[in-house]
Amino acid sequence: MASSLISRQFALSLQKNLWLSAPACRYVSKAAPQTQVEFDYDGPSMKTSVPGPRSQELTKQLGEIQNVGAVHFFCNYEESRGNYLVDVDGNRMLDIYTQISSIPIGYNHPALLKVMANPNNLSTLVNRPALGILPPENFPDKLTESLLSVAPTGMSRVQTMACGSCSNENAFKAMFIWYRNKERGHKAPSDEDLSSCMINQAPGCPDLSILSFMGGFHGRTMGCLATTHSKAIHKLDVPSLDWPIAPFPRLQYPLEEFTRENAQEEARCLEEVEDLIIKWRQKGKPVAGIVIEPIQAEGGDNHASPDFFRSLRNIARKHGCAFHVDEVQTGGGTTGKFWAHEHWGMDDPADIVSFSKKLLTGGFFHKDEFQADKPYRIFNTWMGDPSKNLLLAEVLNVIHRENLLEEVTRSGKALLNGLYELQAQYPGLLSRARGQGTFCAIDICDDATRNDILLKTRDKGVLLGGCGDRSIRFRPALIFKEYHVHIFLNILNDVLAQHK
C-alpha cells in the first residue's frame, strides 16, 4: 500500500513539478522514475511497529547469550536492497543511518554480488591470511587497485587493519614510534630502553601524549578511549591516560550570520591547543601527535572551517607534532569529496589519515617517515582482510562509473535545503541544520524529543541515528538520490506535525 502511494506521489510530481505547502507540507521530487536505482525498492513498507514480534523474540533469545541493550531490531539482509533495510518482521525501511555510516553503495549491490560469485575469488573469500607474515601473491596489486587509488595527497603508503578502533590505535603507535626515533636521533634503542619497557617504565615506555578534542570519538579500545570524549558511557569505569584535551569550536548557525563570532571561537580553540602543547611539554608529557575528525560525528556532527584546520595543521608542524586526521566516518565520499579533508584545500593536509566504515576495511595512510622501523611493531594476526579489498575495488568502480560523488553533492543539497525548510516550519523543535554532502545533522529541542522522533520516524519507515546530546545525524549510502530525500522529508514532516 505504501509503495503504491509513493509511486502515485512520483507520478504527481512529474505532472505538476511543484512544491505543495499546507499544514503538513509535502516535498515533491523532481527526479524522473527511470533514475531510480535498479536494485532498489520503490519506498518503505511497514507491517508492524519496530521492533516487531519476531525481533522481540530473537532479542530475548540473544539476551540469554549476550548483552542486547543496544540491539534495535533483527534484520533480514537477504531481502534488504539498495537504500532499504528489511527487518525479520517484513518491515522495509529507508535506511539513512546505514550501519553507522558503513554501507557505501547500498545493500546487496549487484556489482558486489558478482564479485562474490566469481569463482576466481573463492580462495580470497574462504582463506583469511595473517597478512603481516604470509600475504597472498596478488596483495600488492589489489592494494594498488583499491586503497592506493584513493590515497590522500602526499601519501603512498597504507597499512591495512580490521576496524576503525584498531586503525587509530596503531596509528597512535606509529606516531609515538616516529616521535621517539626523532628524539633518539634515529639511533638504536639503548639497553635501558629495552629493559624498562618490559616493566612499563621510562625511558622504554616514554611519557608521551596525544592531543584530542572535546566531543571527539576515535574508538573504544584502551588507547583510543583516552582520545574519545563524546559520551560518558564509553569511558565510565575504564582507566585512562592523562593526555591533553582541547576545546573543539562550537559554531553558531547559520554560519553566514555569525562570521565574526565563529572566527573568534575558532581562534580561542586554536590558542588553547598551543597552550596545552606547551603545558604538557612542561609537565614532561610532550604531545607527539594531534588527532582530529574533519567533522565530529559521534560527538554531535560538529563542524569547523577550513581555516581552522589549516591553522591547526600549522600548529602541529610548528611544535613537531604528528597530525592525524581520523576519517573513519567521514571518508569514502559521503561529504561530496572522497576525503572530507579535501574540502580544506591543502597541499599537505596530514601525516596520517585513518579510515574504515565505507572503505569496508580498516587502516591508515601515512607519510614515508611513519613507516615502522622494525618488523612486528605495527602488527596483529590478520591486519585486514584481502576479501574486503576485492569488494572495495568494485565499490570504487561503481563510484566512478555512476558519478556517485556528484550524486552525493546533489542529494546533500536537497537534504540540507529540506532540513532548512523544516527548521523554519518547526522552530520550536528543530535548529542548527548543518552538513556537507549528505553528511548532515539537525538538532532537536531536547534529548527526549529527539529519541521520540527517531522511534516514530522508524515506525513510519525511515531509519535514522542520533549523535551528541540532542542531534539526529543522516548517513545514507552514496546511491541515495534526490527522490529518496523527498520520501524521507515527507515522513519526517508527518512526524514533526504530530509534535507541533
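Modeller: Two strands pair if DSSP finds at least two bridges between them. The model discussed here is predicted.

Colleague: In what order do the 3 strands of the open sheet stand?

Modeller: The pairing in this open sheet is mixed. Strand S1 (84-86) and strand S12 (462-463) each have a single partner strand, so they stand at the edges and one side of each is left without a neighbour in the sheet. The order is S1-S2-S12.

Colleague: What is the bridge partner of Asp95 in S12?

Modeller: Strand S2 covers residues 92-95. S2 and S12 run parallel and are joined by 2 bridges. In S12, Asp95 has as its bridge partner Leu463.

Colleague: Which helix packs on the sheet, touching S1, S2 and S12?

Modeller: The direction of this helix makes about 110 degrees with that of S2. The helix covers residues 482-499 and is named H16.

Colleague: How many residues of H16 are buried?

Modeller: Buried means under 20% relative accessible area. H16 is largely enclosed by the rest of the structure, because the buried residues number 13 of the 18.

Colleague: How far apart are the end C-alpha atoms of H16?

Modeller: At 1.5 Å a residue, the 18 residues of H16 should span 26 Å. The model agrees with this, because the end C-alpha atoms are apart by 26 Å.

Colleague: Is Asp237 buried or exposed?

Modeller: Asp237 lies in the loop between helix H10 (232-235) and S5. Asp237 is not a glycine, yet has a positive phi of about 75 degrees. Exposed means over 50% relative accessible area. With a relative accessible area of 73%, Asp237 is exposed.

Technical notes: Residues numbered from 1 in each chain as written. Predicted model: local features only at pLDDT ≥ 70, side-chain atom pairs only at ≥ 80, totals over all residues. Heavy atoms only, no water. Helix = DSSP H or I, 4+ residues; strand = E, 2+ residues; numbered from the N terminus. Contact = heavy atoms within 4.5 Å. Axes fitted to C-alpha atoms, helices over the stretch in contact; angles between N-to-C directions. Expected span 1.5 Å × (residues − 1). Buried < 20%, exposed > 50% of the residue type's maximum accessible area, 1.4 Å probe, protein only.
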